[in-house]
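Student: Please take a close look at a single part of this model. I would like its local geometry and exposure, and then how the rest is laid out.

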Amino acid sequence: MVIAADQVAECIEAITNAARTGKIGDGKIFVTPVERVIRIRTGEEDEAAI
């Protein structure tokens, strides 16, 4: 999933609250920057393309 930087904390909280069972297999969340986004159809880039 790709989201805007200002939504990361809220998204992590929502996923964690929904997925946490306390057992092995709950999963992991990786947060990493996306350097560039381009919407091919419109040519929009970065935040506008999300």
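**The charged pairs and their surroundings**

Tutor: Glutamate 44 counts as partly exposed because its relative accessibility is 29%, and the partly exposed class runs between the cut-offs of 20% and 50%. The model is a predicted one, and what follows is to be read as such. The side chain of glutamate 44 meets that of arginine 39 in a salt bridge, with 2.9 Å from N to O. Arginine 39 has a relative accessible area of 28% and is therefore partly exposed as well.

The count of salt bridges comes to two. Besides the pair just described, arginine 36 forms a salt bridge with glutamate 45, and here the closest N and O atoms are 3.0 Å apart. Both distances can be set against the limit of 4 Å used for a salt bridge. The partners in this pair fall into separate exposure classes: arginine 36 is exposed because its relative accessible area is 54%, whereas glutamate 45, at 35%, is partly exposed.

Next to glutamate 45 in the numbering comes aspartate 46, which lies in the segment after helix H1 (8-19). Its phi is near 55°, a positive value in a residue other than glycine. Most residues other than glycine have a negative phi. Aspartate 46 has 39% relative accessibility and so counts as partly exposed.

Helix H1 offers a contrast in exposure. Cysteine 11 is in this helix, and because its relative accessibility is 17%, under the 20% cut-off, the residue counts as buried. The C-alpha atom of cysteine 11 is separated by 16 Å from that of aspartate 26, which is 15 residues apart from it along the chain. Isoleucine 12 also has its place in helix H1, but at 31% relative accessibility this residue counts as partly exposed. A residue needs over 30% relative accessible area to be part of a patch, so the 31% of isoleucine 12 passes that limit. Ile12 does belong to a nonpolar surface patch of about 470 Å², together with Met1, Ile15, Ile29 and Val31.

The remaining feature is the largest pocket, with a volume of about 490 Å³. The pocket is lined by 22 residues, and those closest to its centre are Met1, Val2, Ile3, Val8 and Thr32. Met1 thus has two roles in this description, since it helps make the nonpolar surface patch and is among the residues closest to the pocket centre. By class, the lining comprises 16 nonpolar residues, five charged and one polar.

Conventions
Residues are numbered from 1 along each chain as its sequence is written. This is a predicted model: local features need pLDDT of at least 70, side-chain atom pairs count only at pLDDT 80 or more; totals for chains, interfaces and linings use all residues. Side-chain values use heavy atoms; hydrogens and water are left out. Helices (H or I, at least four residues) and strands (E, at least two) are DSSP runs, numbered from the N terminus. Buried means under 20% relative accessible area, exposed over 50%, partly exposed in between (1.4 Å probe, protein chains only). Patches are made of residues with over 30% relative accessible area and no salt bridge: like charges are joined within 9 Å, nonpolar side chains (Val, Leu, Ile, Met, Phe, Trp, Tyr) within 5 Å. Accessible areas come from the Shrake-Rupley method with a 1.4 Å probe; for residues, only the protein chains shown count as cover. On a 1 Å grid over the protein atoms alone, a cavity is a set of points where a 1.4 Å probe fits but cannot get out, and a pocket is an open set with protein on both sides within 12 Å along at least five of seven lines; lining residues have an atom within 4 Å of a point. Grid points are joined across faces, edges and corners, and a volume is the space filled by probe spheres set on the points. Ala, Val, Leu, Ile, Met, Phe, Trp, Tyr, Cys and Pro count as nonpolar, Asp, Glu, Lys and Arg as charged, and the others, Gly among them, as polar.
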